[in-house]
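Colleague: Could you walk me through this one with me asking the questions? I would like to hear the reasoning behind each answer.

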Number of protein chains: 8
Amino acid sequence: LDYRRQSRTGTPEIILAEHKSDAQVIDLVHKMLDRNGTVLVSRASRSLLDAIANDFRESVVEHPEGSSMVRVATTDRPARVVQARIAVFTAGTSDLPRAQEVRLVAEEMGVQVQIWADVGVAGLHRIINPFRQAIDWGVSTIVVVAGMDGALPSVVAGLSSVPVIGLPVSVGYGFGGGGEAALMAMLQTCAPGLTVVNIDNSVGAGIAAARIALQSEVRS
Amino acid sequence: LDYRRQSRTGTPEIILAEHKSDAQVIDLVHKMLDRNGTVLVSRASRSLLDAIANDFRESVVEHPEGSSMVRVATTDRPARVVQARIAVFTAGTSDLPRAQEVRLVAEEMGVQVQIWADVGVAGLHRIINPFRQAIDWGVSTIVVVAGMDGALPSVVAGLSSVPVIGLPVSVGYGFGGGGEAALMAMLQTCAPGLTVVNIDNSVGAGIAAARIALQSEVRS
Amino acid sequence: LDYRRQSRTGTPEIILAEHKSDAQVIDLVHKMLDRNGTVLVSRASRSLLDAIANDFRESVVEHPEGSSMVRVATTDRPARVVQARIAVFTAGTSDLPRAQEVRLVAEEMGVQVQIWADVGVAGLHRIINPFRQAIDWGVSTIVVVAGMDGALPSVVAGLSSVPVIGLPVSVGYGFGGGGEAALMAMLQTCAPGLTVVNIDNSVGAGIAAARIALQSEVRS
Amino acid sequence: LDYRRQSRTGTPEIILAEHKSDAQVIDLVHKMLDRNGTVLVSRASRSLLDAIANDFRESVVEHPEGSSMVRVATTDRPARVVQARIAVFTAGTSDLPRAQEVRLVAEEMGVQVQIWADVGVAGLHRIINPFRQAIDWGVSTIVVVAGMDGALPSVVAGLSSVPVIGLPVSVGYGFGGGGEAALMAMLQTCAPGLTVVNIDNSVGAGIAAARIALQSEVRS
Amino acid sequence: LDYRRQSRTGTPEIILAEHKSDAQVIDLVHKMLDRNGTVLVSRASRSLLDAIANDFRESVVEHPEGSSMVRVATTDRPARVVQARIAVFTAGTSDLPRAQEVRLVAEEMGVQVQIWADVGVAGLHRIINPFRQAIDWGVSTIVVVAGMDGALPSVVAGLSSVPVIGLPVSVGYGFGGGGEAALMAMLQTCAPGLTVVNIDNSVGAGIAAARIALQSEVRS
Amino acid sequence: LDYRRQSRTGTPEIILAEHKSDAQVIDLVHKMLDRNGTVLVSRASRSLLDAIANDFRESVVEHPEGSSMVRVATTDRPARVVQARIAVFTAGTSDLPRAQEVRLVAEEMGVQVQIWADVGVAGLHRIINPFRQAIDWGVSTIVVVAGMDGALPSVVAGLSSVPVIGLPVSVGYGFGGGGEAALMAMLQTCAPGLTVVNIDNSVGAGIAAARIALQSEVRS
Amino acid sequence: LDYRRQSRTGTPEIILAEHKSDAQVIDLVHKMLDRNGTVLVSRASRSLLDAIANDFRESVVEHPEGSSMVRVATTDRPARVVQARIAVFTAGTSDLPRAQEVRLVAEEMGVQVQIWADVGVAGLHRIINPFRQAIDWGVSTIVVVAGMDGALPSVVAGLSSVPVIGLPVSVGYGFGGGGEAALMAMLQTCAPGLTVVNIDNSVGAGIAAARIALQSEVRS
Amino acid sequence: LDYRRQSRTGTPEIILAEHKSDAQVIDLVHKMLDRNGTVLVSRASRSLLDAIANDFRESVVEHPEGSSMVRVATTDRPARVVQARIAVFTAGTSDLPRAQEVRLVAEEMGVQVQIWADVGVAGLHRIINPFRQAIDWGVSTIVVVAGMDGALPSVVAGLSSVPVIGLPVSVGYGFGGGGEAALMAMLQTCAPGLTVVNIDNSVGAGIAAARIALQSEVRS
């Protein structure tokens, strides 16, 4: 574990639970909690989530439903909240857990986050109002979470003048299922200004979005 | 060449020029013209298009700009025009040649065709009016031609209650370029009612759309 | 859930169970049943199917054997049955569950459906009679369900003058298994007039076929 | 060049022209001709074919139109013709050059070959008579040449009790084009008894078919 | 189930257990056993194998260790044994179950089969003697079973003048694991006379090999 | 051409030359020049670049060597230059043309750009100083251009607290060549805060980077 | 099992447990132990590891945590230790089990091995000291174990004048996950002198590295 | 150009001509020649090779036939020749140019190289003698160059106790053509001790082999 990363790059340490035993992860959570007062665990299995809920009854434990991320902390809210805002849109309800993970990561970096869920292109009317609300709220960047055809990020990037980050998710089946079609469509976007992260990489999307938002903060 | 196909399946004979020599194709055009008074050639090279223009000066030769299809006929218009209509939408201007090929094929089957070009999702406002005009015109089906992210067919299928056929085209570069992202996104559509044909398969899209439209005609 | 979709696009709301918890799905079924009197659930797990059978004892519950779809309704038959017919052919017996799902979806839209199973190309004689029967019955479109080599849709489209929809299924193993060879072969069909949906996408095939059939209905 | 291969494995030496200079190939042809009185060159470019036609005016030069194979020999016919027969079917006319290459290779091994072209599944009636004629002629094996959807070999293998070899060819475009869909569909065949060679590998198909036929000869 | 296939194509009916319930398969076994006195089941799960062993205690049940095939019959040996022989080679011991399945299928067709296991190219000396023994035994064809690098079939085809069938198996891990590298290498063979079947397709390899061997029988 | 895009999304109109004839592009350049005083053309062929150089002798024409982009304008410098800065790093010298294209695009949006070329990971010492210089210069974001193994963006993102955009380029050959390995490695980055665009998509990288930088500007 | 391999190629026999039953493997371990006094088992399942621990209580059993390899021996240390040294670096902690397997294999061949873990490129400073220590220790070759972006081997090969072997591991998710991006990036390395083995192939990496080191030994 | 690489890593600077203009490359050759007295250019086009032959008439220019590499030097032989030897085997004659490139690179590093060409597995007897001769000559490592099925490296690694490097080449057509099957088969090798480089990467293979050989030298 790289304790110096946070000071060096402004990024919270996040424990990737995959490929580690539950005992190893819980041990790391204790260490990080002692040091930082807060820690995120990503890609946690059901059994690990239960073990953490059990072991850290006296801490604040936040676990969005359906997600594989959990925040363990000594306080309810992030230590600092700055004047930097991002919006997270999801195409469908199945994309919501990944959106919540983006929120947890970005909030940990002090950024304010608001989620608009289920605004995908199969009903075009659904995206217009959320987009306007997000812009009015003063967001510096928008993360768009989508599986299947991955069309929503292109639509949002076509409307927007702020940077847009596409987060493809492993929703969908058949050819191009598991997020591959969504990733490919986002990379092939007809709307400039869109960048992407890998399938289900909510941590990457959250950190990148927060860094963009914090750039505004730094200068303002 | 299967002279009986037209009577058996209601489909015009179309000469696939690829993998044939120019001389072979021109010979086939002569034969079909004598028999049917009209013939389409698809996937023709530049040199073949020039040869046809030269050899058939006394026939009607229709070749949409940028396309690889040509119609050679003894009369200007298809022999029969029926009360069956289809719309063809294109996401970008680069998709227009494929849309024209769809039109040629469907018109050869007696169907009326109208094209709305460059109505892609990077500017969402562009699709609404064409869609309304198409529905008002009474179309039985809509063919949506798109390369790159292939997002437009999903948007149209989400708006529509008539069948929608997605035609992915080999526009785009990088990962998923050459139409693969567009095909994959259309197969992964979040909007039901969309079926697809292979990349650049304007002949298949045209025949399928015309058959759907003709079903309406047959019953009415 | 988009309650307005049905009125906007003539498509029944279908709950995609995958990526949702059993409790979430059952809650949605209750809501839809109250509102519409009928609802379909697709890609349901074994445990969800059992839970639905248990929870909705007083409703009509139709679940074709081997399929992952279930219809829950207050009445035995769809509210309306119109003069629009489609045929569903399957190459093998393993394809039958997907064919039943196509039937459920199309019937929900009021269309009449008949299935001919196990008519694949390994025994060529098997397809001729079902094809004639389907045409005589007056179908507007044919859905052909096939895994493995996916050859049957091309054979049917070569015989037919009505639109044909290919539904590749995840039957088969080794290279191209899981439906990929079937999908690819259908996209590469040598018989025009064939369009396809994604692997195992019985919902998409059913809605598209019903929309085609309903076009005939609308005009007649 | 392995001069001993013919005696060791009963296979004629065939010069693969690809990746060799024209001069290198012509030099090899001279050497083989002196030694064996006959030689085949495969995957020859247009320029090499012209050079061979020019350099070997006094030899017998057989080059099927459109193919990339040429036979150079001191006599018109293969030295020996045995009572072993194979049929070659092609799905479309574009597959004919590959079929001719299969014929050249098998004839060089003394086997009798007959080709039935353009009997693909888009018109099912076309395959029945050729199949009966081939069986009546007493073939030991059937080579089926097909591009695009590669459906014909499965149909033939479903009819046949003799071994069938599928030869996929690089005809077709879009997803699965270049012979990939044809190869995959043949590997996924629903009809047992079918084996395959690689895309465009007419040499491999010809030698394998001839070896099968010669097994019958050896025993009879 | 196509009861006529055996008489039409000389191929035993083999029940593909995958995608069928255990009850469905056992029902089919009863039916086939009544009619033919013998039946093969392929791709059977552990639970199905146990169920068959239990249900058919009074029949002959042959299940090679590690394989997913089982033969159920009223007699110990195939009804007819003809003068037709094939050899089966395996590269490693993990390939043996697939080789046994090839043997069961070919024996069911009356062909004599001998297996030489673990003769792969990592120890080149291991293949020479088995090859000589097989040729001396008078085989009409050789099936070579190999996973991982799939090199053995090319080596055998280089030595042999009888047809060789490559059967790639899903042994191996990492890039090209699951039999894909083996399949690809066999298709790219530098030794002519080799044809292939799909990964793990022991049924296809057995039937094709038996058909080749039976051709010799027919003529002799 | 969408004349309103610039006002709507703050993005300059860039003409994608691919799939358009030279005449079409030049015509568009004239129109845009009249309207905006400046225009970029991307993915221009050699012949188009020559034609533009010839046709617009009286305008300012900037074409970075080796790139496929050209800027045509009535003035030397962008109309506005704001206090927003980005750095562009390249792994090798072959990546420089794409870096210049990023610069042209971002400068057109008023952003200041500095390029550090050939700082790839094969010589680790090369990246340290440029990174420090870029940070000292006050950049809001860093675009890292890399082909082959695509390792540099991960190294830079590991050092940086500003957002980093990876631009994979089609440099490299063999497996994963053409930019695919670079793209995949960037998506799999072990360093959070990195987002990517498609292979060779310098336009997308330039616009995204400029939008990020302009966010800082807007707030400051 | 090829008992002669060790004498012929200097490589210890390693039992690949995958595709074998636990009983088969344990039987082989007994045989090898009797003959050689030491044996390695690779790709062992959890149940097999437990069975071995249980069955060989009186032997030395070494099983690195998280790995799927186990060494069973009658003595604690390899029979011979020679003056040949290799270093093993890992990018992350998840790569450590594979590194331990490399160590076990190379030590079995008498080579001295030292591991430096978690020195990946996301923190560039971490690699410098381990690299210097390894060179000072006098290593003949370096094995670099990395998943995800696979960037570390290129960085090490750029620093090093000794041969470097890249071992990609199946760590990572999404596009290019499972080690594919790491493999591809290593094959596309911008730093010459790097060779690779397949994903997770710690046995191959260990043997190759030991052979290189032993070459030095042989000559010295 | 990294002038320090040679002293830092013992590797000669090699100019990768691809993606550079002829003028750029020739300029670099002049610079390197002045500094080092010798330089290699890789992946040179025909026109560049001609230009170099013309421009450097007074230097030693070595260009193996068919290869894309050229050595320009002021002296005939490498400055130093050490007691370190490698063998290069090729499967076919088409692989020879890549073998010559390996030789040029390794010789530039002072290593002695001998090539045995056309010893592929289709004629197994061909490899035995060259292998013995190479071992007798005292090689430290063997590079095996193979396209198509890539089987030879596995055979050689099975015979050898010295490290073996597989160099897959882009020879072959159809599925897995262009070197992909060869690469995959080498990665899946059943013979331990084999490492690989990317397709056609003769530079990488040469440097890695020379480094291994030089390790022996250093110690002796």
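**Copies, rings and charges**

Colleague: What percentage of the interface residues of chain H are also interface residues in chain G?
Modeller: Happy to start there, with the reminder that this is a predicted model. Chains H and G meet through the same surface, because the interface residues of chain H recur as interface residues in chain G. The share that does so is 100%.

Colleague: By what turn can chain H be laid on chain G?
Modeller: The fit has an RMSD of 0.0 Å. The shift along the axis is 0.0 Å, which leaves the rotation, a turn of 180 degrees.

Colleague: Which kind of axis relates chain F and chain A?
Modeller: Chain F can be laid on chain A by a turn of 180 degrees with a shift of 0.0 Å along the axis, and the RMSD is 0.0 Å. The two copies are therefore related as by a two-fold rotation axis.

Colleague: And what percentage of the contact residues of chain F recur in chain A?
Modeller: The same surface serves both copies. The figure for the contact residues of chain F that recur in chain A is 100%.

Colleague: On to the rings: how are those of B:F89 and B:W116 arranged?
Modeller: Over all chains there are twelve aromatic pairs. In this one, the ring centres are 5.6 Å apart and the planes stand at 90 degrees. Planes over 60 degrees apart count as edge-to-face, so the pair of B:F89 and B:W116 is edge-to-face.

Colleague: How many residues apart are B:F89 and B:W116 in the chain?
Modeller: B:F89 belongs to strand 5 (residues 85-90) of chain B, and B:W116 to strand 6 (residues 112-116). The pair thus links distant parts of the chain, 27 residues apart.

Colleague: Is B:W116 buried or exposed?
Modeller: Its partner B:F89 has a relative accessible area of 0% and is buried. Buried means under 20%. B:W116 has 10% relative accessibility, so B:W116 counts as buried.

Colleague: What about D:F89 and D:W116, buried or exposed?
Modeller: Their rings have centres 5.6 Å apart and planes at 90 degrees, so this pair is edge-to-face. D:F89 lies in strand 5 of chain D and D:W116 in strand 6 of chain D. Both D:F89 and D:W116 are buried.

Colleague: Last one: over which ring does the charged end of B:R43 sit?
Modeller: In chains E and C, the charged end of E:R43 sits over the ring of C:Y173, 3.5 Å from its centre. For B:R43 the distance from the ring centre is 3.5 Å, and the ring is that of D:Y173.

Key: Residues are numbered from 1 along each chain as its sequence is written. Chains are lettered from A and ligands numbered from 1 in the order in which they are written. This is a predicted model: local features need pLDDT of at least 70, side-chain atom pairs count only at pLDDT 80 or more; totals for chains, interfaces and linings use all residues. Side-chain values use heavy atoms; hydrogens and water are left out. Copies are superposed by least squares on the C-alpha atoms of residues with pLDDT of at least 70 in both. Contact means heavy atoms within 4.5 Å. Rings of Phe, Tyr and Trp (its six-membered ring) pair if their centres lie within 6.5 Å; planes under 30 degrees apart count as stacked, over 60 as edge-to-face and the rest as tilted. Helices (H or I, at least four residues) and strands (E, at least two) are DSSP runs, numbered from the N terminus. Buried means under 20% relative accessible area, exposed over 50%, partly exposed in between (1.4 Å probe, protein chains only). A charge sits over a ring if NZ of Lys or CZ of Arg is within 6 Å of the ring centre and within 35 degrees of the ring normal.
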